[in-house]
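Q: Could you walk me through one part of this protein up close? I'd like to look at the place where the ligand sits, and then at the pockets.

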Amino acid sequence: MHTKCLGHNIFFSKVIDSTNDWAKELAKLGAQEGTVVIAETQTAGHGRLSREWISPKGGLWFSVILRPETNSTEAANLMFIAGLAVARVLHKLYGLNTEVKWPNDVLVDGKKVCGILGETNAAYKIASFVILGIGINANFDVDSALPEALRETVTSLQTMLGQKVKLEELFMALMEEIERLYGTHKAVGFPTILGEWKKYAGFLNKSVEVACANERLIGLACDVDCEGALLLKLKDGRIKRILVGDVSLPEEP
Ligand code: BT5
């Protein structure tokens, strides 16, 4: 693998509850930056707000430990590195038409192929670690491996490409891309990463619905700002700044 640090220490398990939880434990025990935890299946994979992440065999489920010397708000922006890396690599390796959707999904032809869960020890002002958890629906067929409720909105590489991919090749390309982008982030800062991420952000300048807290808002997705917040232009012209939420786009006619 052509990386300086990422993926040099790898912990692998056939079955684990959640690679993010395992990575957090290792980070607390002092695991060094670039350590990666990977599993064949997860029994309690999770997304944001403790939502379930279904992780059948054939997927690529892993978590990367980073140790940026930064505050926890900036640390949260590192999630955009993961989304951008996945969007770029899936396009480069397989020619797929990838998009990112705020805050943390990667889509192919409008369907979710990857979810990203960033976690940091935000109890402290200076984040001592950030976990980038990445789940890619790779080598399984959506119709047979995922519950019916997800099949309309979710896809996998196998479903899109009609064949399995080489997981090692995909994993190594991701390690290299994440390391490259992390280096850029450290050298020139988040705005450059965000600018690149926005090139894949097909939802921008579209009318979207955002589920956040206890409300559903409809508006124009104008921008994502330098703290990673979504700026939504409401019907009355006000701009609402959203830090946590789920974006959905209306069906194409
Ligand atoms: C995410 O959360 O999309 C982040 C998922 C991160 C998973 C990785 S796998 C490695 C690491 N270890 C972990 O435990 N987690 C990370 P969110 O935006 O909250 O989306 C969760 C929602 O996605 C669920 O409520 C379902 O609707 C849907 N979902 C569940 N499993 C899915 C799958 N395999 N593919 C696509 N969507 C799924």
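Which residue has an N or O atom in its side chain 2.9 Å from an oxygen atom of the ligand?

A: That's R51: an N or O atom in the side chain of R51 is 2.9 Å from an oxygen atom of the ligand. Keep in mind that this is a predicted model.

Let's stay with the ligand for a bit. The side chain of N137 also has an N or O atom 2.9 Å from the ligand, but here the ligand's partner is a nitrogen atom. With N20, the backbone does the job: one of its polar atoms is 3.5 Å from a nitrogen atom of the ligand. On its own the ligand has 800 Å² of accessible area, and the protein covers 91% of that. Altogether, 26 residues surround the ligand. N137 turns up again among the closest ones, together with S18, H46, I54 and K112.

Now for the pockets. The largest pocket holds about 1300 Å³ of space. Its lining is made of 47 residues, and K112 is back on the list: K101, D105, L107, K112 and T153 lie nearest the centre. Several elements give two or more residues to this lining, including the helix α1 (19-28) and the strands β3 (60-66), β5 (98-101) and β9 (130-136). The largest share comes from β7, with five residues. If you sort the lining by class, you get 15 nonpolar, 16 polar and 16 charged residues. Domain 1 (10-198) and domain 2 (207-248) each put at least three residues into the lining of this pocket.

Next comes the second largest pocket, with a volume of about 570 Å³. Here 21 residues form the lining, and R48, A76, M79, G118 and L243 lie nearest the centre. The helices α2 (72-76) and α3 (79-94) each supply at least two residues, and so does β7. In this pocket, too, β7 gives the largest share of the lining, five residues. The mix of classes here is 11 nonpolar, seven polar and three charged residues.

And where does this second largest pocket lie? Domain 1 (10-198) and domain 2 (207-248) both give residues to its lining, so the pocket lies between them.

If you want a route for your own tour, start at R51 and its 2.9 Å contact with a ligand oxygen. Then go to K112, one of the residues closest to the ligand and one of those nearest the centre of the largest pocket.

Definitions and conventions:
Residues numbered from 1 in each chain as written. Predicted model: local features only at pLDDT ≥ 70, side-chain atom pairs only at ≥ 80, totals over all residues. Heavy atoms only, no water. 1 Å grid on protein atoms, 1.4 Å probe; cavity = no way out; pocket = protein on both sides within 12 Å on 5 of 7 lines; lining within 4 Å. Points joined across faces, edges and corners; volume = space filled by probe spheres on them. Helix = DSSP H or I, 4+ residues; strand = E, 2+ residues; numbered from the N terminus. Nonpolar A, V, L, I, M, F, W, Y, C, P; charged D, E, K, R; others polar. Domains from an automatic or database assignment. Near = heavy atom within 4 Å. Polar contact = N/O pair within 3.5 Å; in protein donor to acceptor, adjacent residues only side chain to side chain. Areas by Shrake-Rupley, 256 points an atom, 1.4 Å probe, with all protein chains shown as cover.
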